[in-house]
Each structure stands twice: as C-alpha cells, then as structure tokens.
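Subject: Structure handover

Hi,

Here is the structure I promised to pass on to you. Have a look at it first, and my notes follow underneath.

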Amino acid sequence: MAKKKTTRKKKPAAKKNPQAKKNPPAKKTKESLTNDGSRPCELSQARLKAILNGNFDANFHKGLKHSEDGSVDQESFRDFVNAFLALDSTGNAEQLAGLGIPAGNRKWVNPQSGWAVDTEMSDPCFHKIPAPPKLDSDEITAEAVELYWMGLLRDIPFAHWNSDANVQDAITELNGQKFYINRNDVNLSPEESPYVSRPIDVKSLFRGGELFRSPDFATDDTPVRENVGPYISQFMVKEIRYGVLNIPQKIVWARSHTDYLITPEDWLGVQDGEMRNIREGLVGEADEDADQRRFISTMRDLATYVHFDQLYQAYLNAALILLEEGYPLDAGNPYGSIENQEGFGTFGGPHILSLVTEVATRALKAVWRQKWTHLRLRPEAYGGLVAFSDPDEFTQIKQTTAFKRNQCRYPSGLMPMAFPEGSPMHPAYGAGHATVAGACVTVLKAFFNESTVVKDPQVASADGQELMNYEEADECELTVGLELDKLAANISIGRNMAGVHWRSDYTQSILLGQRVATDMLFRQCRDYIEDYSFSYTSFGGGIVEISAAGVSYTPPATKSDEAKPTKTVVDGDSFGHPDRILRKEDERIAEELLTIV
C-alpha cells in the first residue's frame, strides 16, 4: 500500500539584509581554548620574527618556489612565515591555507596541530626546546659529518662493524667533532654554550645515550647505558604475541646501495614538492616474496622500518612483549601489594596499552609547535647548499673525509637519501619520531620494573635471515630500562640514518617527549583512587617519581655531590579545582619539567 503523501508548509523566506556582505558577523576567536589571554605566544612570535630577519635559505622551505640552485623565492618564503605569525596571533589559518602548492605536489603535514591544546598536557606554547645549531656552526658541521658517514655505511651489516675499515674511519673522524649535547645544561642553545665532543668507539657509534654521562658524574667510567649489547633493541627482535597471533619481526627492506636525490634534477624536483613513489626498491612486499623478508641487520633496514611505521607501533609491540612474557611491574604499582585484586582498567594491561598510544598524539602536538616555529632546514637542503656553494664557502665540511668520499661516490656532492621522496613535508626540529619515542618509552619505564634483565637476548645474522642467541660478556646487563632507551634511540636515529634528521633533532626531542609523558602522567593523578606512584630512570640518568603528591626528581650522583638531594619539580597542589589547569599553571609546570634531564 502506497504511503500517504504529506505536505509541509514552506517557511517564509528570510529577509535579505543589505548590510550582510558589508558587515559579516564576526568570526569566533579561539581564546576560549586557552582561557586567560593566551595569544599570541611570545616564544613562537619571537622565533618566527627572527627567521624573517635572517637567511631564508637556512630554514625549511620545501614545497615553495625555488631557483635552479635551490634558493627559495624570497617573497614566497616571507608569505610562508607571515602565515604562521598570523596563525599564532589569532588562531586563524586562512593565510596559511591561501599559500599555493601546484596541483599534484606534496602537501605540508598538519602545521595547524601545533596550536591545538589538550586537557592532559600543558599548552604546546610552553613545551620548548632550545634553538638548533646555526648553519655556519661547528655543531652543524659535526652533525653533517655524522650524516655523510651514515650514508656511506648504510649497507654494512651491524654484525660486521667490528672488522670493517670504513667503520673505523668514521669513528676516527667523528672523534674529532664537537657535537651531540651540552650535558652541563641541555636547555642552552649551542650559541649560548657550545656543544662538546665525547669519545666514540664501535660500541657507541651512531647510538644514543649521550645524555646519560656527564663529565661530573660520580666516576669517569660511568657507562653509557645504550653502549651495552647489540645495536638493535631486543624489543625490535623478539616475536610479538598479538592476541592469538605470533608475529616475527621480519621486515620488508629496501634494496642495497640504492640512494636518492643524488642528481641536481631529482634534488630540485623534490625541494619543489614533486611526488615520488615512496615504495620504490622495496624487497619482500608481495605475498609470494614473503620469504625474502628479514630481521633488521643494516642501517638501511632500520631506515626502512621508520619510513613506514605507525609512530607508536614499536612501543605498542614492546608493551605487548613485556605483558605477554610476564615482566614485573614497577614497585609503585598498587596491585603489587593487594593479594585479592589485580590491575586492569587502571594499572593493568589495558591501561598500559592505551597510555602508550594516548601519549603519542600529545607528543606530536608538542613537537609540531616546535617544528613550525623553529623551521629548521632538513639535511637534504643543507646538502644542496653545500653542493652548489662557491669553493670558499662551507670549507669546514668540504675538507672532511666523509664529504670527500661521498663526492667520489656521487659527484654532485649532494647528501644521499634513503627515501625516494627525501624528507617529509614538515621541518626537521624537533623530530616527530623521536618525541613520540621519548614519550612512549617514558610511559613504559614508569609502568615496568626497569632493572629486570631481558630474557633470552638475540641478535640478527649479517644477512638478517635468522636470529642467534646473544652470548657476549654483557648479556646479563641487558635490562628492560636499557633496552627501552635503546628502542627510543633506534627509532629516532633510524630517521637520521635515512638522511632526514639531525643528531640534535633526536637528543632534544626525546627530552621533550619525556616531559610530555611526565606532564600527562601527573595530570591524570585525579583519575585514580588507588595509592600509587610511577618511577623511571630519565634519559640523563636521574630518578623521577610521579604520584598524586607531585613530581620529584633526583639527579644522578656526581663527584662533587654523590648524594644530590631529591627535589619536588611539580607539587600536587597544582590541582586546586577539577577543571583544566589554568594557562599560567601550564607555563609553570612546563618550565619546571625542563629541569628533568
């Protein structure tokens, strides 16, 4: 039976307002998101204005117009920076959206996200990192030397590093460079206090861990934690028990001795933002080629892993391994002492798994503000500046063994990239992978007992086709905390191995991630009724404890003061009401967390 047709009375047409176009309704501002006069962010404004007064080519400008030598169009770059100044002043991204990119070219990655706020983290405006090394500094030269050597050694298996002459040449040259971190005050820029060198050998080459040792530590031979054991973390080697799936960590890998952006034509096209086939040269992708997949055994393998990973997947894998293999939880977990209960939605497996993913998005918001206000150029752009420069420019890097050998291999002198498309379409500093690494690893160290020795350590064969038991003298030193720190470094420095990031991108970003995770874990103290605490060893070797009472930090012991006092970094009284912490509290908390190294 047909439905009865109904009729509705038409609403009378709205009367036209002749002034509507002349006086459109005012747009809502975003002041309500930051509740006490937040805009503009003085720090972001100062950074961007300084960039406008400097050398435009010394900054990130990928996707803008360029001349034949790769120099950025001055007007385009000025509009680019002014668009971020406008975004910071008003929260309005119209000026940024109005910047033209040719149809079919790559797009800039999520620049607005750095201005998002979050109820579980201080406003990104206040999570800061110091200025990166300048274009003409000793520090950036040292970081570039490391990158050229990474490009030269990408295909040498980790298993052969002890015996390879080229690896030894890299160690010799890098030992003469001033780079890495100023361990006396990590929050100073190189301009304020120059970086220092540290001895490098085959066990510390291209590893992280530089924050863990200071010249003033208790003994001169205090070990750098990440110098222990194989290069690759056990959490990137062990089989993952994913529910009823057991997943071996064999990867699709990129063909050896195949580098990109090594001709001026390709390099310039990529700077202009042209699209590339990012999966070019991969081995083992098709199901019928699955037997060709292998365990990570070279720097190119590691670079390929971080080319296609979902940002938090390595830490989700680590959490699954730790939970499924029954590793003990941190001593402050409340359910360690309750005989008739166990954790689940709070302080149990589901809680840990959700926090590892939850902290990742907050880390990205924090680092994206840094990226789009520091606007640090990518290594590939630096390589172009060097390759196309006059003979009397960039002489310091041109005189290095690394640069000369690279030029013998690639006469253009350009820095070889592991990715066909080169770097992503966002600035270098800080690093997204490294900030997420610092945040996720901090969460895992806070939940698990770090001193537990990792069970049955393994290492990949030189061809990556099998795993072998690791039976060296230091096998009993591979602890959960060490291997988590190493995991953060593997993922972060793997991006450097691809040529898309700098050493200081890693070093400062893992600290930023550590602060974001600490910030989040502290703010969530209102969520629980259990009597609990989290504790973890910081990337610099101190001890951090988080509870409803606040955040405390015990710096590592030193020669001059072997029992440095514990200090309260953030007091639990910061939560005077159940609403979101006021912006002034955001600033105070973020500033105080800077003291944790």
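Helices (H or I, at least four residues) and strands (E, at least two) are DSSP runs here, numbered from the N terminus. On that basis the protein has 16 helices and ten strands.

Please note that this is a predicted model: local features need pLDDT of at least 70, side-chain atom pairs count only at pLDDT 80 or more, and totals for chains, interfaces and linings use all residues. Residues are numbered from 1 along each chain as its sequence is written, and side-chain values use heavy atoms, with hydrogens and water left out.

**Overall packing**

I call a residue buried under 20% relative accessible area, exposed over 50% and partly exposed in between (1.4 Å probe, protein chains only). Of the 597 residues, 57% count as buried. A contact means heavy atoms within 4.5 Å. Among contacts between residues at least 6 apart in sequence, 77% join residues at least 24 apart.

A nonpolar core is a set of buried Ala, Val, Leu, Ile, Met, Phe, Trp, Tyr and Cys residues joined through side-chain atoms within 4.5 Å. The largest one contains 144 residues, and Phe80, Phe206 and Tyr315 have the most contacts inside it. Leaving aside residues up to four places away in sequence, Phe80 touches Phe60, Leu64, Leu99, Trp108, Trp372 and Leu375.

**Helices 8 and 4**

Tyr315 also appears among the buried residues of helix 8, alongside others including Ala314, Leu316 and Asn317. Nine of the twelve residues of this helix are buried. Those buried residues pack against strand 1 (240-242), helix 7 (299-308), helix 9 (349-374), helix 13 (432-447) and helix 14 (480-497). For helix lengths, the expected span is 1.5 Å times one less than the number of residues. Helix 8 (residues 313-324) should span 16 Å, and its end C-alpha atoms are indeed 16 Å apart. After helix 8 comes Gly326, with a positive phi near 70 degrees.

Helix 4 has 15 residues and reaches 21 Å between its first and last C-alpha, close to the expected 21 Å. Of its 15 residues, 14 are buried.

**Cysteines**

A disulfide is a pair of cysteine sulfur atoms within 2.5 Å, and the structure holds one. This bond joins Cys41 to Cys125, with an S to S distance of 1.9 Å. The link is right-handed, with 80 degrees about the S-S bond. Cys41 lies in the segment before helix 1 (42-52) and Cys125 in the loop between helix 3 (94-97) and helix 4 (138-152), 84 residues apart. Both cysteines of the pair are buried. As for two other cysteines, Cys440 counts as buried because its relative accessibility is 0%, whereas Cys476 counts as exposed at 59%.

**The sheet**

Two strands pair if DSSP finds at least two bridges between them. Four strands form an open antiparallel sheet in the order 7-8-9-10. Strand 7 (534-537) and strand 10 (567-571) each have a single partner strand, so one side of each is left without a neighbour in the sheet. Axes are lines fitted to C-alpha atoms, for helices over the stretch in contact, and angles run from 0 to 180 degrees between N-to-C directions. The twist averages 20 degrees from one strand to the next. Strand 9 (residues 550-554) pairs with strand 10 over four bridges, and Ser552 has Thr568 as its bridge partner in strand 10. Helix 15 (residues 503-523) packs on this sheet, touching strand 7, strand 8 (543-547), strand 9 and strand 10, and its direction makes about 25 degrees with that of strand 8.

Best wishes
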